[in-house]
Amino acid sequence: MKTVEVCKKYGEVIVSCWDNDCPRLIKKLSKQVKVVKNKFFTPKGYNFQNISYHITTSLNGLRECKTQLAVKVRADEYFTDPSKLIKSIKQNKNKITVCNFLFRKGVILHPSDHILGGGKESLVSMFEESLKMVSKYKKNQRVKMTDLGIKESCAYKYLTAESTFCLSWLKVNNIDFLSDVVNMSEVQIEHYYRKMLKTYYCL
């Protein structure tokens, strides 16, 4: 509820939740903002760190958004003053703005996914690409980054939500990161990644 109160000051708020979430809370929220109720399901495919749930609620919420720009946030976190974040999104409409909260340093392909802001259609495309990406893998599979051609020394061990979104966002921008770095050294990969961050992200 606190998240909703803060976000309402900056524009339309859409809450994307599950149909088995607290009925009392959903009813209360429905009186204040638009609520998208998603039918809860048991994932049949890749769901490391609940990524299938993350993609589903984020994508369906964004699809209901009527504005050109959008911000995806978590319901269990909020900023007391997100004005700088909003300003960055407006000034960098062709990039994704993220915060440095839980931004994993020392590894590539891991910008924070707690807050994502940018063009609505671009964000939708990113989540659709992410859905397509994880559909290749099985329910209880743990996809190692080394299986994708990324050295373990410079990346988190497994394919996380953060890495999935990052690779998908670059793909939306016609950057096939995994193919591009096939013959690069670890140092070259890290430099290339930093260049991609600077070009397609605002931190």
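1. A cavity, as the word is used here, is a set of grid points where a 1.4 Å probe fits but cannot get out, and a residue counts as lining when one of its atoms is within 4 Å of such a point. In this predicted model, the largest cavity is lined by Pro111, Ser112, Asp113, Leu116, Glu162, Phe165, Cys166 and Tyr201. Its volume is about 40 Å³, and the structure holds 1 cavity of 30 Å³ or more.

2. As to which element contributes most to that lining, helix H6 does so with 3 residues. By class, the lining of the largest cavity comprises 5 nonpolar residues, 1 polar residue and 2 charged residues. Phe165 deserves a second look, since this residue of the cavity lining is also listed among the H6 residues that meet H5 and among those that meet H3.

3. The pairing of helix H5 (residues 120-134) with helix H6 (residues 161-172) brings their axes within 8 Å, with a crossing angle of roughly 120°. The two helices are therefore oblique to each other, and H5 passes H6 in a right-handed crossing. On the H5 side the contact is formed by Ser122, Ser125, Met126, Phe127, Glu129, Ser130, Met133 and Val134, which meet Thr164, Phe165, Leu167, Ser168, Trp169, Lys171 and Val172 of H6. The residues of this contact of H5 with H6 fall into 8 nonpolar, 5 polar and 2 charged.

4. Helix H3 (residues 51-63) also packs against H5, their axes coming within 10 Å and crossing at roughly 150°. Because angles over 145 degrees count as roughly antiparallel, H3 is roughly antiparallel to H5. The crossing of these two helices is left-handed. From H3 the contact draws on Ile51, Ile55, Ser58, Leu59, Leu62 and Arg63, and from H5 on Lys120, Leu123, Val124, Phe127, Glu128, Ser130, Leu131 and Val134. Divided by class, the contact of H3 with H5 has 9 nonpolar, 2 polar and 3 charged residues.

5. The remaining pair to consider is H3 with H6, whose axes come within 10 Å and cross at roughly 50°. H3 and H6 are therefore oblique to each other, and H3 passes H6 in a right-handed crossing. In this contact Ile51, His54 and Ile55 of H3 meet Ala161, Thr164 and Phe165 of H6, and the residues involved are 4 nonpolar and 2 polar, with no charged residues.

6. Some residues recur between these contacts, and a reader tracing the helices may wish to follow them. In H5, Phe127, Ser130 and Val134 are listed in the contact with H6 and again in the contact with H3. In H3, Ile51 and Ile55 take part in the contact with H5 and in the contact with H6. In H6, Thr164 and Phe165 meet residues of H5 as well as residues of H3.

7. Finally, the second largest pocket holds about 190 Å³ of space, and its lining is made up of Glu129, Lys132, Met133, Lys136, Tyr137, Leu148, Leu167, Ser168, Lys171, Asp176, Phe177 and Leu178. The elements giving two or more residues to this lining are H5, H6 and helix H7 (177-180). The lining of the second largest pocket divides into 6 nonpolar, 1 polar and 5 charged residues. Among its residues, Glu129, Met133, Leu167, Ser168 and Lys171 also belong to the contact of H5 with H6.

Key: Residues numbered from 1 in each chain as written. Predicted model: local features only at pLDDT ≥ 70, side-chain atom pairs only at ≥ 80, totals over all residues. Heavy atoms only, no water. Axes fitted to C-alpha atoms, helices over the stretch in contact; angles between N-to-C directions. Helix = DSSP H or I, 4+ residues; strand = E, 2+ residues; numbered from the N terminus. Parallel < 35°, antiparallel > 145°, perpendicular 65-115°, else oblique. Left-handed = near helix turned anticlockwise from the far one by under 90°. Contact = heavy atoms within 4.5 Å. Nonpolar A, V, L, I, M, F, W, Y, C, P; charged D, E, K, R; others polar. 1 Å grid on protein atoms, 1.4 Å probe; cavity = no way out; pocket = protein on both sides within 12 Å on 5 of 7 lines; lining within 4 Å. Points joined across faces, edges and corners; volume = space filled by probe spheres on them.
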